[in-house]
Structures are given as C-alpha cells and as structure tokens.
Amino acid sequence: MRHGLLLGLVVVAAGCGGGAQEADLPLGKQLAATATVAPAVHLFAEPVQARIEVVVDRRHLDPARVRVEPRFLPYDVKERARSREDRGRFTVLRFDYLLRCLRIACIPEILPSAAGAAETGRGERRSLVLPAARVLYDDPAGTTRTLTRAPWPELVSVSRIKESDVPQYGFVFKTSVTPLPEGDFRVSPTLLGAGLLAGSLALLALPGGLLLGWLRRRRPEPAVEEAPELTPLERALALVEWARDRRNGSERREALEVLAVELEACALDDLARRARTLAWARSAPAPEDAERLVSEVREANGR
C-alpha cells in the first residue's frame with residue numbers, strides 16, 4: 001500500500017508541472033523513501049526479502065551521492081544489491097537485501113506457566129521491529145547529512161513447532177545456550193593425525209626412491225677425458241722411470257735396452273748408443289744415470 005502510494009505521488013508530481021513554478025515531491029520534499037519486507041510473517045530461519053526504495057528529485061540532489069544505512073539485527077544480511085531507474089526528472093533507487101535470522105532473538109519467547117519453571121515452553125511466534133533505516137547524502141563539501149528515515153514494517157518470526165505438535169504430557173523440547181561438553185576420544189586427534197601423516201609418508205618412500213633412481217639413470221654421465229695415447233718412445237721412457245728405483249739392476253738394464261731400440265727407430269743414434277752402453281756396462285746402471293738419460297731424451301724429443 002505504501003509503495004503504491006509513493007509511486008502515485010511521484011507520478012502526480014511529475015505530471016503537474018507547468019506555469020512559472022514546477023511541482024515537487026509531496027509536501028515540498030526533494031526525496032522520499034519507503035522500506036518494505038516480504039514476507040512480513042515468516043518461519044524461523046526462512047529467508048526474507050527487504051527493500052528500501054528512494055525517490056530522488058535530480059533538480060536538487062545527485063542520486064549518486066545518496067546512500068542508505070539500515071540496521072537489521074538480529075537478522076543477518078546474506079546478499080545485497082542496488083539498482084537505479086530514471087523516470088523523467090526523478091530517479092528511483094532500490095536497495096535490496098536478503099535476510100535470514102538464525103539467532104536466539106528470533107526464537108519465540110518462553111511462556112510462563114502456573115505449574116512452575118519445569119513446565120514452561122516457548123510460544124509459536126515472535127514480533128520484531130527493526131530500527132528505521134537512515135537515508136544519507138554525501139555533500140560535495142565533504143559532509144554527510146541525514147535526509148530522512150524509512151521505518152520498517154513489523155516482522156513476525158513463527159516457530160516451526162506448532163502447539164498441536166506438543167504432546168499432551170507437556171512440551172518436551174527445551175532451548176538452551178549452554179555449550180556442549182568437550183568431546184571424549186579414545187585416541188588423541190593430534191596423535192592420530194600425526195600417525196596418519198607418518199604412515200602416508202612411509203607409503204610414499206618406496207615410489208619416491210624408485211623415482212629418484214629413475215632420474216639418476218636418466219642423468220647423462222659426465223664426460224671423461226681420455227688420456228692421450230703414448231708413443232712407443234714415451235712408453236719406453238716411462239718404463240725406464242719405473243725401473244729407475246727398482247733394487248734389481250737387471251730390470252733397469254732391460255728398460256734401457258728397450259729405450260735404445262726405440263731411440264734407433266727415431267733416428268736418435270747417439271742417444272741410442274748411450275742407452276745401450278749404460279744398459280750393458282759391467283756394473284748395474286745407477287738410478288741417477290738413468291734419470292739423466294731420460295731428461296736428455298725428452299729435451300731432444302721436445303717433450
């Protein structure tokens with residue numbers, strides 16, 4: 001009824017302009033607001049649609065600076081939306097809210113009983129009146145002022161348990177806000193969670209090891225630099241160096257003879273004769289003489 005009356009007054013005001021003075025909102029106002037709810041009577045915890053509708057005269061106010069400040073407790077706001085519709089020089093702003101009350105304040109009050117507190121029960125409904133919503137305007141100067149207030153219609157929360165559902169021997173349901181006792185567990189939840197986590201990690205150990213081994217097999221082997229192959233003369237020199245510190249002089253003799261053969265093959269005849277002379281001297285060749293000969297051969301061969 002109030003919503004239709006407001007729209008009718010807006011239409012009349014918009015259509016009555018003429019002459020030197022234009023018509024304004026009813027009673028010379030620059031803004032009008034209404035608040036509605038549907039359904040006004042609802043079951044406990046049932047959703048309720050609430051709407052604040054504001055009609056603004058754009059000649060005097062900027063609709064973008066208009067906002068509302070509703071208070072819905074004990075109802076909780078689950079969804080909200082804002083829309084705008086321009087009608088001539090008027091703008092209709094709609095602020096929609098989806099409400100739901102799950103609080104103790106929406107439960108019907110406890111009814112007294114002549115039989116005592118043990119026989120009391122709750123009624124079937126409870127009436128609630130929300131505080132009027134404020135319609136605010138943010139002035140360009142930075143101040144905020146209240147333009148009007150939109151009162152809400154009465155809301156009625158109906159219990160889902162009817163009087164007919166109560167047995168003849170009394171109301172067996174009692175409401176209480178006493179917290180429930182702490183849970184009792186055979187095994188500590190923390191200990192159980194830690195055990196399950198350790199078990200899951202143990203189960204992952206085997207596939208993890210297999211994956212690590214597979215990755216290692218796929219990793220390319222590091223490149224190994226091959227030592228350059230020695231020439232026959234270099235092998236002979238290495239043999240003399242090995243036999244130089246041997247106690248058995250015959251091994252040095254044999255090594256020097258091998259060196260003499262390789263020196264002849266390289267056309268180093270002078271060094272070959274010295275190696276053979278040193279190899280078959282009356283006394284076993286001394287290690288110092290063998291080392292000196294090796295050094296001379298390397299210098300002559302450029303190694």
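**Exercise 1. Decide whether Trp152 is buried or exposed.**

Solution. In this predicted model, Trp152 has a relative accessible area of 6%. A residue counts as buried under 20%. Trp152 is therefore buried.

**Exercise 2. Describe how the rings of Phe72 and Tyr97 are arranged, and where the two residues lie.**

Solution. A pair of aromatic rings is described by the distance of the centres and the angle of the planes.

Step 1: the count of aromatic pairs in the model comes to two. In the pair of Phe72 and Tyr97, the ring centres are 5.0 Å apart and the planes stand at 55°, so this pair is tilted.

Step 2: Phe72 lies in the loop between strand 4 (66-69) and strand 5 (76-87), while Tyr97 belongs to strand 6 (residues 90-100), so the pair ties together parts that are 25 residues apart in sequence.

Step 3: both Phe72 and Tyr97 are buried.

**Exercise 3. Describe the aromatic pair of Phe72 and Trp152, and state which cluster results.**

Solution. Step 1: the distance from centre to centre is 5.4 Å and the angle between the planes is 55°, and the pair of Phe72 and Trp152 is tilted.

Step 2: this pair links distant parts of the chain, with Phe72 in the loop between strand 4 and strand 5, and Trp152 in the loop between strand 11 (144-150) and strand 12 (155-158), 80 residues apart.

Step 3: the relative accessible area of Phe72 is 6%, so Phe72 is buried.

Step 4: Phe72, Tyr97 and Trp152 form one aromatic cluster.

**Exercise 4. Find how helix 5 and helix 6 are oriented to each other, and which residues make the contact.**

Solution. Step 1: helix 5 (residues 269-279) and helix 6 (residues 287-301) pack at an angle of about 165°, and their axes are 11 Å apart.

Step 2: angles over 145 degrees count as roughly antiparallel. Helix 5 and helix 6 are therefore roughly antiparallel to each other. Their crossing is left-handed.

Step 3: helix 5 contributes Leu271, Arg274, Ala275 and Leu278 to the contact, and helix 6 contributes Asp289, Ala290, Leu293, Glu296, Val297 and Ala300.

Step 4: sorted by class, the contact of helix 5 with helix 6 has seven nonpolar, no polar and three charged residues.

**Exercise 5. Treat helix 3 and helix 6 in this way too.**

Solution. Step 1: the axes of helix 3 (residues 232-244) and helix 6 come within 9 Å and cross at roughly 160°.

Step 2: helix 3 and helix 6 are therefore roughly antiparallel to each other, and their crossing is left-handed.

Step 3: from helix 3, Leu233, Leu237, Val240, Glu241 and Arg244 meet Pro287, Ala290, Glu291, Val294, Val297, Arg298 and Asn301 of helix 6.

Step 4: by class, the contact of helix 3 with helix 6 has seven nonpolar, one polar and four charged residues.

**Exercise 6. Locate the cis peptide bonds before Pro39 and Pro74, and describe the backbone of Ala45.**

Solution. Step 1: Ala38 and Pro39 are joined by a cis peptide bond with omega of about -5°. Pro39 lies in the loop between strand 1 (31-38) and strand 2 (41-43).

Step 2: a cis peptide bond with omega of about 15° joins Leu73 and Pro74. Pro74 is found in the loop between strand 4 and strand 5.

Step 3: Ala45 is not a glycine, yet has a positive phi of about 75°. Ala45 lies in the loop between strand 2 and strand 3 (48-57). With 15% relative accessibility, Ala45 counts as buried.

Definitions and conventions
Residues numbered from 1 in each chain as written. Predicted model: local features only at pLDDT ≥ 70, side-chain atom pairs only at ≥ 80, totals over all residues. Heavy atoms only, no water. Phe/Tyr/Trp six-rings, centres within 6.5 Å; stacked < 30°, edge-to-face > 60°. Helix = DSSP H or I, 4+ residues; strand = E, 2+ residues; numbered from the N terminus. Buried < 20%, exposed > 50% of the residue type's maximum accessible area, 1.4 Å probe, protein only. Axes fitted to C-alpha atoms, helices over the stretch in contact; angles between N-to-C directions. Parallel < 35°, antiparallel > 145°, perpendicular 65-115°, else oblique. Left-handed = near helix turned anticlockwise from the far one by under 90°. Contact = heavy atoms within 4.5 Å. Nonpolar A, V, L, I, M, F, W, Y, C, P; charged D, E, K, R; others polar.
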